[in-house]
Amino acid sequence: SASNGETWAVGGDAIGSGEEDPVLLHWKDDAWSRVPIPETDRRFRALFKVWGTGPDNVYAVGSKGIILHYNGVEWRQELSGTARDLISLWGTGPNDILIAGGRANGVLVRWNGSTWSHAVLEGEPGMNGIWMDDAGLATVVGIQGRILRVAPGGFEYTREVNDNRTLLHGVWGDAHGNRIAVGGTLERSPPWSGVVISEGP
């Protein structure tokens, strides 16, 4: 939610074979409206997640390394430095944002208030979800049940022990030390099964 009564949502068909049709929706004045995608330096199929610090600072990330930024007036592309899919993002404020993504190899993209930089996580599979605590310590989850803790301000990480190998898609935590990751057998044919992993103090 960008502000009281105002929200952004994103989508698209990431694996379709038809015309690219990324979706950007705006909820305002009790109604949804579709917002045109701004001009970008590449064609892309979908936006995956949206997050922001206020009504004049909202980011959306998507396939082929796309980052879109809303300044309260218009959306514009910002260059991520990678063409890998960017799946999810979180931050502590306007000068500290971390994006997780990738497919065969995970990728992290970081905003420090002035520039975007990125790192490919060699040996780690694609990452799907991210949550960051108030101190900037991020939990990133992904394929094969991977859970990484990414240090504030950079790309250094440690892999957490997790016996579950089911794909993890999202993660959330709170100031009390609770963390919950969710996912399931999304990469397989049905019937599907879900998984929830939790950690608490």
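**Close-up 1. The hairpin of β9 and β10 in the predicted model.** A hairpin is formed by β9 and β10, with 3 residues between the two strands. Strand β9 covers residues 96-102 and strand β10 covers residues 106-111; their pairing is antiparallel and comprises 6 bridges. Gly102 is placed opposite Gly106 of β10. Leu98 has Arg110 in β10 as its bridge partner.

**Close-up 2. The hairpin of β10 and β11.** Between β10 and β11, which also make a hairpin, lie 4 residues. Within this turn, Gly113 adopts a positive phi of about 105 degrees. The two strands run antiparallel and are joined by 6 bridges. One of the paired positions is Val109, whose bridge partner in β11 is His118.

**Close-up 3. The open sheet and its edges.** An open sheet is built from 4 strands, and its order is β8-β9-β10-β11. The pairing throughout this order is antiparallel. Strands β8 (86-93) and β11 (116-121) occupy the edges; each has a single partner strand, and therefore one side of each remains without a neighbour in the sheet. From one strand to the next, the twist averages 20 degrees. In general, the strands of a sheet pair through backbone hydrogen bonds, in either a parallel or an antiparallel manner.

**Close-up 4. Burial of strand β10.** Strand β10 is mostly covered, with 6 of its 6 residues buried. One side of the strand presents Gly106, Leu108 and Arg110, and the other side presents Val107, Val109 and Trp111. Both faces are covered, as the residues named on each side are all buried. Among these buried residues, Arg110 is the bridge partner of Leu98, while Val109 is paired with His118 in β11.

**Close-up 5. The largest pocket and its lining.** The largest pocket holds about 230 Å³ of space. Its lining consists of Ala14, Ile15, Phe48, Lys49, Ile87, Arg103, Asn128 and His169. By residue class, the lining divides into 4 nonpolar, 2 polar and 2 charged residues. Empty space of this kind is revealed in general by rolling a probe the size of a water molecule over the atoms.

Conventions
Residues are numbered from 1 along each chain as its sequence is written. This is a predicted model: local features need pLDDT of at least 70, side-chain atom pairs count only at pLDDT 80 or more; totals for chains, interfaces and linings use all residues. Side-chain values use heavy atoms; hydrogens and water are left out. Two strands pair if DSSP finds at least two bridges between them. Axes are lines fitted to C-alpha atoms, for helices over the stretch in contact, and angles run from 0 to 180 degrees between N-to-C directions. On a 1 Å grid over the protein atoms alone, a cavity is a set of points where a 1.4 Å probe fits but cannot get out, and a pocket is an open set with protein on both sides within 12 Å along at least five of seven lines; lining residues have an atom within 4 Å of a point. Grid points are joined across faces, edges and corners, and a volume is the space filled by probe spheres set on the points. Ala, Val, Leu, Ile, Met, Phe, Trp, Tyr, Cys and Pro count as nonpolar, Asp, Glu, Lys and Arg as charged, and the others, Gly among them, as polar. Buried means under 20% relative accessible area, exposed over 50%, partly exposed in between (1.4 Å probe, protein chains only).
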